[in-house]
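Thanks for coming. I'll go through one structure today, from the surface inwards to the strands. Please have it open on your screen.

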Amino acid sequence: RIMNKGILYVFLGLISIWGCDNDNEVIPVVKPDASGTYVDERDGNEYGWVRFGDLEWMTSNMRYAPESGLYGKYESDGELGGGSMKEEMYEKYGYWYDYNAAILVAPEGWRLPTDEDWQKLEIALGMSVKDAACEGFRGYYEGELLQQGDEGTGMQLTAGGFYSEHTVAYTENWRFHGVYGFFWTATEDPDNSGFIFYRKIAYNSTQVFRASTMKTNWLNVRCCRDVR
């Protein structure tokens, strides 16, 4: 059955507004300008890093347990804390943090990236300035580039899902593990007081999602630092 023409035009218009430009393009090979490793003196954890433009980014999620703040691990039984989490899960996904903890976990010389830092990275990977400023899914292929390993960007963003203390019908506290990856920025949404911008990648999308969320949700953290 063919959709009413007026409804169809509205529908297509909403897609255009929400997704910004989204023409299909061949995914390029993008390599970092430099790479290396960093050892966190606080707990001995080692992180790879890659350089794009004037920023260096860790290539795995933060695994530091702050002295204060809310953080936790993904457990096979859906519970927090304890020792049931497999070591390989911890190495791949690290910790999840609420916002108040996320702003505390960066090692000396590193920081929780701002929304502008994320936009710089997306633009360095090929996203237009116009798309980078949009919300919703944006860009063409940057989401896939951000999930690549050594064969490409080396960023290796993972789809760890997120944890919410707020349950709604037919949902669990742990949500979207293996489907989406959620990453904090340090920037408050000026149009939504108390909400913080984040990034989301999807296992089946080549784009990157930008929006804001409550500080009490638990997301992953990728740290960045200015090139010295």
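The exposed area of the protein comes to about 11,800 Å², and carbon and sulfur atoms supply 51% of that area. Bear in mind that this is a predicted model. The protein has 228 residues, and 47% of them count as buried.

On contacts: take those in the protein with a separation of 6 or more. Residues 24 or more positions apart account for 60% of them.

Now the secondary structure. The protein contains six helices and 12 strands. I'll pick out two arrangements.

The first is an open sheet. Its four strands come in the order S1-S2-S3-S12, with antiparallel pairing. At the edges are strand S1, residues 34-39, and strand S12, residues 224-226, each of which pairs on one side only. On average, neighbouring strands of this sheet are turned by 30° against each other, ignoring direction.

Within that sheet, S1 and strand S2, residues 46-52, run antiparallel and are joined by six bridges. Alanine 34 has arginine 51 in S2 as its bridge partner.

What lies across S2, strand S3 and S12? That is helix H4, residues 115-124. H4 runs at about 95° to S3, which spans residues 55-58.

The second arrangement is a hairpin, formed by S9 and S10 with six residues between them. Strand S9 covers residues 180-188 and strand S10 covers residues 195-202; they run antiparallel, with six bridges joining them. Phenylalanine 182 stands opposite lysine 200 in S10. In the turn, glycine 194 has a positive phi of about 85°.

I'll stop there and take questions.

Terms used
Residues numbered from 1 in each chain as written. Predicted model: local features only at pLDDT ≥ 70, side-chain atom pairs only at ≥ 80, totals over all residues. Heavy atoms only, no water. Pairing = 2+ DSSP bridges. Helix = DSSP H or I, 4+ residues; strand = E, 2+ residues; numbered from the N terminus. Axes fitted to C-alpha atoms, helices over the stretch in contact; angles between N-to-C directions. Contact = heavy atoms within 4.5 Å. Buried < 20%, exposed > 50% of the residue type's maximum accessible area, 1.4 Å probe, protein only. Areas by Shrake-Rupley, 256 points an atom, 1.4 Å probe, with all protein chains shown as cover.
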